[in-house]
Amino acid sequence: MSGPHRHRPRGWLRHYAGFLTPDAAAAMPVLLERDRAQRLRRLGASIGDGAGQRLRPTRPRMRSLQVAPGARLRFREVPVPAPPGPDGAIVHPIAASTCDLDCGIALGATQFALPLHLGHECVAEVLAVGERVGTVRPGDRVIVPFQINCGACAPCRAGRTGSCERVPPTSMYGMGLAGGLWGGAFSDQLAVPFADAMLVPLPEGVDPVAAASVADNVCDAYRHIAPHLPALLEADPDAEVLIVAAIDPRTPFGSSAPLYTGLLARAFGARNVTLADARPDVRAHAERLGLNALHPRKLRRRAPAPLVVDATVEDLQVALSNTAADGICSSLGGFHRSTQVPLLQMYVRNVTLHIGRTHTRQLIPEVLDLMLDGRLHPESVITSVASLDDAPLALREHFLGGGVKTVLTA
């Protein structure tokens, strides 16, 4: 069994040349299709605050991990966040984990412009809260969802917290300009603008390291399983869940979300869970978790499955072609402006496709319930735990060496 594929990061020239591709050119209009002025105001305020603190510093400094082209990782000294507003909080990340997307970002292989301050999954300790905050207080341990949401607008009240109207679209930590410059979780402090709406207290007895990825990847996996699998298993207890991940072993994206998806399918009672992935080490990890594992090329000789999760990021067609009649294909999404879809085959088979972003804050309590019941063990996906002090070296090895999930503790 061969080890993980070693990745080669893109340098400055190759990274920025990637922004001339049709996929990258399509990203900007999508980001600006709603509330363009709101996004520009947010970016202007953030850039202005940073410039002001460089010229006339009024706040102490802290560490924040920055990634630049070439997967160059280093701590930068930046101002601590401003004191929280009446609805906000300042938190100190105590367990921050890598996301599958972080690898692609660090390698310079996405439309997220580098350099940026990295990290968006964490459990944190509350340091300070605003005067109107009532659900958390200093000293509490909390899960910080990666998406910014107010909890009061119409989408938030309806549970669509990833579509909050009080902040620019796709507002999230650790994504630089595209996410709205909210800072990164691989840092000493993080500002939370809506503490009561966003922060979820960590239940007593739950390990912060195990729960760090609940802020994104675990909930992202949950949304592909929980809405669909119970009804399928009621009709057929042996119904298969097929997770289609990397088609190419050189993919720049991580593998934790497909593995979490398999764990969640098992947590919901699925007996037959299969992960298709071109990476031998990921297949081996899946087998250790009790999942069936195979190379994607073997999918051609198998019967389609009633529930298929597309975790390829790059080849939705493979997942759709392996979805059974009257089946469901749920996709993590991707970064291509368009893709091929077997439309006639889907029509004849009556296949339903679900695609979109997760609403993480809405799902966190449900995921925590599974952990408290002992049905879900996210820690079994973690491959490395290191100190935040060692972040530049630990994360460079994770990104270049094809790690599954690294958690940094402070």
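**Close-up 1. Cys 329 and the cysteine closest to it by sulfur distance, Cys 99.** In this predicted model, the sulfur of Cys 329 lies 20 Å from the closest cysteine sulfur, that of Cys 99, and this is too far for a bond, because a disulfide requires two cysteine sulfur atoms within 2.5 Å. Cys 329 is also buried, with a relative accessibility of 0%.

**Close-up 2. Cys 150 and Cys 164, whose sulfurs are not bonded.** For Cys 150, the closest cysteine sulfur belongs to Cys 164 and is 3.5 Å away, which is still too far for a bond. Cys 150 counts as buried, its relative accessible area being 8%. By the 2.5 Å rule, the count of disulfides comes to zero.

**Close-up 3. The largest nonpolar core, with 55 residues.** Within this core, Val 144 and Leu 199 are the residues that touch the most other members. Several elements each supply at least two residues of the core, among them strand S1 (61–68), strand S3 (89–97), strand S5 (121–129) and helix H4 (100–106). Helix H16 (391–401) is another of these elements, and the largest share of the core, five residues, comes from H16. In soluble globular proteins, nonpolar side chains tend to be buried together.

**Close-up 4. The surroundings of Leu 199.** When residues up to four places away in sequence are not counted, Leu 199 touches Ala 89, Val 91, Val 126, Val 136, Val 142, Ile 143, Val 144, Val 192 and Arg 361. Apart from the largest core lies another core, of 48 residues, which includes Val 123, Ala 239, Val 241 and Leu 263.

Terms used. Residues numbered from 1 in each chain as written. Predicted model: local features only at pLDDT ≥ 70, side-chain atom pairs only at ≥ 80, totals over all residues. Heavy atoms only, no water. Core = buried A, V, L, I, M, F, W, Y, C linked by side-chain atoms within 4.5 Å. Buried < 20%, exposed > 50% of the residue type's maximum accessible area, 1.4 Å probe, protein only. Helix = DSSP H or I, 4+ residues; strand = E, 2+ residues; numbered from the N terminus. Contact = heavy atoms within 4.5 Å.
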